[in-house]
Each structure stands twice: as C-alpha cells, then as structure tokens.
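Let's take a walk through a protein model together, one stop at a time. Have a look at the sequence and the 3D picture, then read on.

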Amino acid sequence: MLGIFFAPLACSQSIAASQLNQLVAIAEQARDACASKIHFDTYEFQRCVDRLATQQKNSDFSRLAINYAGYAVALSTSRVGMEGAESTAWHFYKRYKPLQTKLNIDDQTICGIFPGNCKIRVAQTVELQKSHQKGLK
C-alpha cells in the first residue's frame, strides 16, 4: 500500500527519498498509535499525538511527520462533524507548519506522506488557515 502513495513522491525535489520514506513510516506509526482515539475523544487523540511528538524533540523530521499525521486525522474527522476535531486540526497545523517551512517541504510533498486525497486536503488546509488567520501571531 505504501507504494501507491509513495510512488508520485519519489520525484520530489525538496527532500531525499530516504527522508521521504522516514516521514511516511513515522506518520504511519503515529496514525496506528493514536487515530482510533479520535472517534471517542478528540482531546485524548491530541494528547496521544503530542506525547509521541514530545519524545522526538531532537528530530524535526519525526516531529513534522507525527504532527502532520495528527493534523490529517483530525482534519478528516472534522469533515464528519466530530466535536473538537477542527480545533485539534488547528492545534496540529500550528505545530507542523513551522517545521514544514523550516525543512523547506512543499504542501504536495507533505500531504503525500499520509494516505488520502491531497487535492482535497490541501484545499481544506487553505480554508482552515483562512478561517483561523486571526489566531496566527
């Protein structure tokens, strides 16, 4: 299954294939460890992802992958109206976006580390950013 999502990313100019593999693997681990929690309690899901990210304080790539996984899961869950999911998505957006910028990784590449439709997710990200723009300081 990774090959399906990874294949288009092999051409990415912004990061090496080995780094991309690392991002994909870590995002999958975070999803596997925490995603099921969001269906019962978005805040428990947030704490789970935050704990994983905190354990990676010396690795920007790992923190990026973990926080992006948290973001993608929360954003997806917000589409079905789960209470707290949008604020959880925003929480992770504020954590992954500075790392993404620091590591010079484009939106399509970061989106591609996590399964799903990147056209939709990137558009949703733009909308979420616009709706919370006043909160960015």
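Before we start, one bit of vocabulary: here Ala, Val, Leu, Ile, Met, Phe, Trp, Tyr, Cys and Pro count as nonpolar, Asp, Glu, Lys and Arg count as charged, and the others, Gly among them, count as polar. Also keep in mind that what you're looking at is a predicted model.

Now put those classes to work on the largest pocket. Its lining is made up of 6 nonpolar, 5 polar and 2 charged residues. The space inside comes to about 190 Å³. Of the 13 residues that line the pocket, Ala72, Ser76, Arg79, Pro115 and Arg121 are the closest to its centre. Two elements give two or more residues each to this lining: α4, which runs over 60–78, and α7, which covers 118–131. Helix α4 supplies the largest share, 5 residues.

Next, find Phe114, which sits in the loop between α6 (107–111) and α7. Is Phe114 buried or exposed? Its relative accessibility is 8%, so Phe114 counts as buried, given that anything under 20% goes by that name. What does Phe114 touch, if we skip its neighbours within four places in sequence? The contacts are Ala27, Arg31, Tyr68, Ala69, Ala72, Val73 and Arg121. You've already met two of those names, Ala72 and Arg121, close to the centre of the pocket. Phe114 also shows you how a chain folds back on itself: Val24 is 90 residues away along the chain, yet the C-alpha atoms of the two are separated by 6.7 Å.

That takes us to helix α2, residues 17–34. How far apart should its ends be? With 18 residues at 1.5 Å a residue, the helix should span 26 Å, and its end C-alpha atoms are indeed 26 Å apart, so the two agree. Several of the α2 residues are buried, including Leu20, Leu23, Val24, Ile26 and Ala27.

Let's finish with charges. Side chains of opposite charge can pair when their charged atoms come close. Searching the whole structure turns up 7 salt bridges. One of them joins the side chains of Asp32 and Arg31, at 3.5 Å from N to O. Asp32 is exposed, with a relative accessible area of 58%, while Arg31 is partly exposed at 25%.

Another salt bridge pairs Arg47 with Glu44, whose closest N and O atoms are 2.9 Å apart. Both residues lie in helix α3 (residues 42–54), 3 residues apart, which is about one turn of the helix. Why does that spacing help? An α-helix has 3.6 residues a turn, so residues three or four places apart point the same way. Arg47 is partly exposed at 41%, and Glu44 is partly exposed at 25%. This pair isn't alone, either: Glu44, Arg47 and Arg51 are linked in a network of salt bridges.

The last stop is the salt bridge between the side chains of Asp60 and Lys102, at 2.6 Å from N to O. Asp60 belongs to helix α4 and Lys102 to helix α5 (residues 85–102), so this pair ties together parts that are 42 residues apart in sequence. The partners have quite opposite surroundings: Asp60 is buried, with a relative accessible area of 18%, whereas Lys102 counts as exposed at 59%.

Key:
Residues numbered from 1 in each chain as written. Predicted model: local features only at pLDDT ≥ 70, side-chain atom pairs only at ≥ 80, totals over all residues. Heavy atoms only, no water. 1 Å grid on protein atoms, 1.4 Å probe; cavity = no way out; pocket = protein on both sides within 12 Å on 5 of 7 lines; lining within 4 Å. Points joined across faces, edges and corners; volume = space filled by probe spheres on them. Helix = DSSP H or I, 4+ residues; strand = E, 2+ residues; numbered from the N terminus. Buried < 20%, exposed > 50% of the residue type's maximum accessible area, 1.4 Å probe, protein only. Contact = heavy atoms within 4.5 Å. Expected span 1.5 Å × (residues − 1). Salt bridge = Lys/Arg side-chain N within 4 Å of Asp/Glu carboxyl O.
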